[in-house]
Amino acid sequence: MTTEPERLPFFVYGTLRPGEANYARTLHGRTAAEEPAHIRGALLYDGPGFPYATAGPADAVVHGALVLPREGDYDAVCADLDRLEGYVPGDPANLYERVRTEAVRADGRTVRAWVYLAAAPLAARLRATATPLAGGDWRGGTPAQDHRHPPGPGRRHGHRPHPG
């Protein structure tokens, strides 16, 4: 169960986007609304099988979708997304942190939303060793078939401990 006072939509930018594998497993049939959106001030890195977003310069953009769980499903969806992303509040071993952001809708209006960003140790490693995806869109950065397969077994919470 979520303990946050706000029941925000989620900004998703990788395998949780509509049409992707983890959307089908965790969100399909459980949303009240979905729409294209982007966030500013974030960089996107392509990891093996899934992307990582990090805080970035103000002019950087990550493209994705706003997904609002149905009211009756909100707590369960939030818990499922936290589990999928390996996020436990306060856990120093998190690969991702769930943080509030401002997402920009297609019409230019902004809305507060949750987003999973790479946790500080991983974000530092990405900044030091990886190259952000040009354009900030995971679907546009590599062939689509690479994005349709979830990570294999044996990885913590379905994630590799560091990007490839």
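The protein chain of this predicted model comes with 4 helices and 7 strands. Walking along the sequence, these follow the pattern β-α-β-β-β-β-α-β-β-α-α. The chain has 164 residues, and 46% of them count as buried. Its accessible surface adds up to about 7900 Å², with carbon and sulfur atoms holding 56% of that. As for contacts with a separation of 6 or more, 71% of them in the protein chain link residues 24 or more positions apart.

Now for the interior. The largest nonpolar core takes in 42 residues, and Phe10, Phe11 and Tyr13 have the most contacts inside it. Strand 7 supplies the largest share of this core, 7 residues. That fits a general picture: in soluble globular proteins, nonpolar side chains tend to be buried together. Phe11 gives a feel for how such a residue is surrounded. Setting aside neighbours within four places in sequence, its contacts include Ala37, His38 and Ile39. Phe11 is also in contact with the run Val62, His63, Gly64, Ala65 and Leu66, and with Ala103, Ala113, Trp114 and Val115.

Helix 3, spanning residues 120-129, shows its two sides nicely. Its buried residues are Leu122, Ala123 and Leu126. Viewed down the helix axis, these buried residues sit within an arc of 100°, so they line one face of helix 3. The face turned away from that buried side carries the exposed residues Ala120, Pro121, Ala128 and Thr129. And what lies over the buried residues? The cover of helix 3 includes strand 3 (42-46), strand 4 (51-55) and strand 7 (110-118). Strand 7 thus turns up in two places, as part of this cover and as the source of the largest share of the core.

Two of the covering strands also belong together. Strand 3 and strand 4 pair in the antiparallel sense, over 5 bridges, and Leu44 stands opposite Ala53 in strand 4. Strand 3 is itself mostly covered, with 4 of its 5 residues buried.

Loops can be tucked away as well, as Gly86 shows. This glycine lies in the loop between helix 2 (74-84) and strand 6 (96-105). With a relative accessible area of 2%, Gly86 is buried, since the cut-off for that label is under 20%. Along the chain, Gly86 and Tyr96 are 10 residues apart, and their C-alpha atoms are separated by 6.8 Å.

Definitions and conventions
Residues are numbered from 1 along each chain as its sequence is written. This is a predicted model: local features need pLDDT of at least 70, side-chain atom pairs count only at pLDDT 80 or more; totals for chains, interfaces and linings use all residues. Side-chain values use heavy atoms; hydrogens and water are left out. Buried means under 20% relative accessible area, exposed over 50%, partly exposed in between (1.4 Å probe, protein chains only). The arc is that of the directions from the helix axis to the C-beta atoms. Contact means heavy atoms within 4.5 Å. Accessible areas come from the Shrake-Rupley method with a 1.4 Å probe; for residues, only the protein chains shown count as cover. Two strands pair if DSSP finds at least two bridges between them. A nonpolar core is a set of buried Ala, Val, Leu, Ile, Met, Phe, Trp, Tyr and Cys residues joined through side-chain atoms within 4.5 Å.
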